[in-house]
Amino acid sequence: DILSAKVYLEPEIVDEYLEKYKEVVDPDIKFDYLAAAALVKKEDELEKLLGLLGNFDVVKPQDQLYLFLFLYRNPKSKVRTFEWMTRNWVLIEKTGGEKTLSDYPVLTSRLMRTEEELEKYVRFFGPMRDNPTVARAIAIGENEIKARVEIIKKYRESVFSELKKYSG
């Protein structure tokens, strides 16, 4: 969309987007500003946005999950966003509520595609399997990642082989 394209062309616009996010009432438009801002590539801008995950004066608690996911989708900030979640799980528990809490394991798992990511997922969420609030979400997430990793393993070579036919 236009907001996202503008971030690629003018990364300094992120501050303006964050101000507009705070001013706008329409939740769809608010999320558009957050999603576009999360596409930045510069380290200092990414660090600023990661810092906003715990700054409820800027990003409201009910919007934290969305900013988290927008940053998690960005390949430049994916690893650090997951690390933020692991370091700040107590904050997420306090502010997110039961519904939102179970969204974190499910939604992060949907963006994981490697054995390394599966290991990190299990290492972090595994000890929480006894928590009824997130137990089902963790099981779903873990199974999704395992299935995706297996599919990638199974078809990786044939896909690459097929793609080589089309590369110059």
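**Charged side chains and their partners**

In this predicted model, R80 is found in helix 6, which spans residues 78–87. A good place to begin is with the company that this arginine keeps. Leaving aside residues up to four places away in sequence, R80 touches E43, L46, E47 and L50. Two of these neighbours are also polar partners of R80. The side chain of R80 makes a polar contact of 2.9 Å with the side chain of E43, and a polar contact of 2.4 Å joins the side chains of R80 and E47. E43 and E47 thus appear both among the residues that R80 touches and as its side-chain polar partners, E43 at 2.9 Å and E47 at 2.4 Å.

Salt bridges come next. The structure holds 15 of them, and a few are described here one by one. K6 pairs with E10, and the closest N and O atoms of this salt bridge are 3.2 Å apart. How buried or exposed are the two partners? K6 has a relative accessible area of 32%, so it counts as partly exposed. E10, with a value of 31%, is partly exposed as well.

Another salt bridge is formed by D15 and K48, with 2.4 Å between the closest N and O atoms. This pair links distant parts of the chain: D15 sits in helix 2 (residues 14–23) and K48 in helix 4 (residues 43–52), with their positions 33 residues apart in sequence. D15 is partly exposed, because its relative accessibility is 39%. K48 is also partly exposed, at 29% relative accessibility.

A further example lies within one helix. The side chains of E142 and K146 meet in a salt bridge, with an N to O distance of 3.1 Å. Both residues belong to helix 9 (residues 135–164), where they are four residues apart, about one turn of the helix. Which of the two is buried, and which is partly exposed? E142 has a relative accessible area of 10%, which lies under the 20% cut-off, and therefore counts as buried. K146, at 40%, is partly exposed.

Finally, salt bridges can share partners. In this model, such sharing joins D15, E45 and K48 into one network. The D15 and K48 pair, which links helix 2 and helix 4, is therefore part of a group that also includes E45.

Conventions: Residues are numbered from 1 along each chain as its sequence is written. This is a predicted model: local features need pLDDT of at least 70, side-chain atom pairs count only at pLDDT 80 or more; totals for chains, interfaces and linings use all residues. Side-chain values use heavy atoms; hydrogens and water are left out. Helices (H or I, at least four residues) and strands (E, at least two) are DSSP runs, numbered from the N terminus. A polar contact is a pair of N or O atoms within 3.5 Å; within protein, one must be able to donate a hydrogen and the other to accept it, and residues adjacent in sequence count only if both atoms are side-chain atoms. Contact means heavy atoms within 4.5 Å. A salt bridge is a side-chain nitrogen of Lys or Arg within 4 Å of a carboxyl oxygen of Asp or Glu. Buried means under 20% relative accessible area, exposed over 50%, partly exposed in between (1.4 Å probe, protein chains only).
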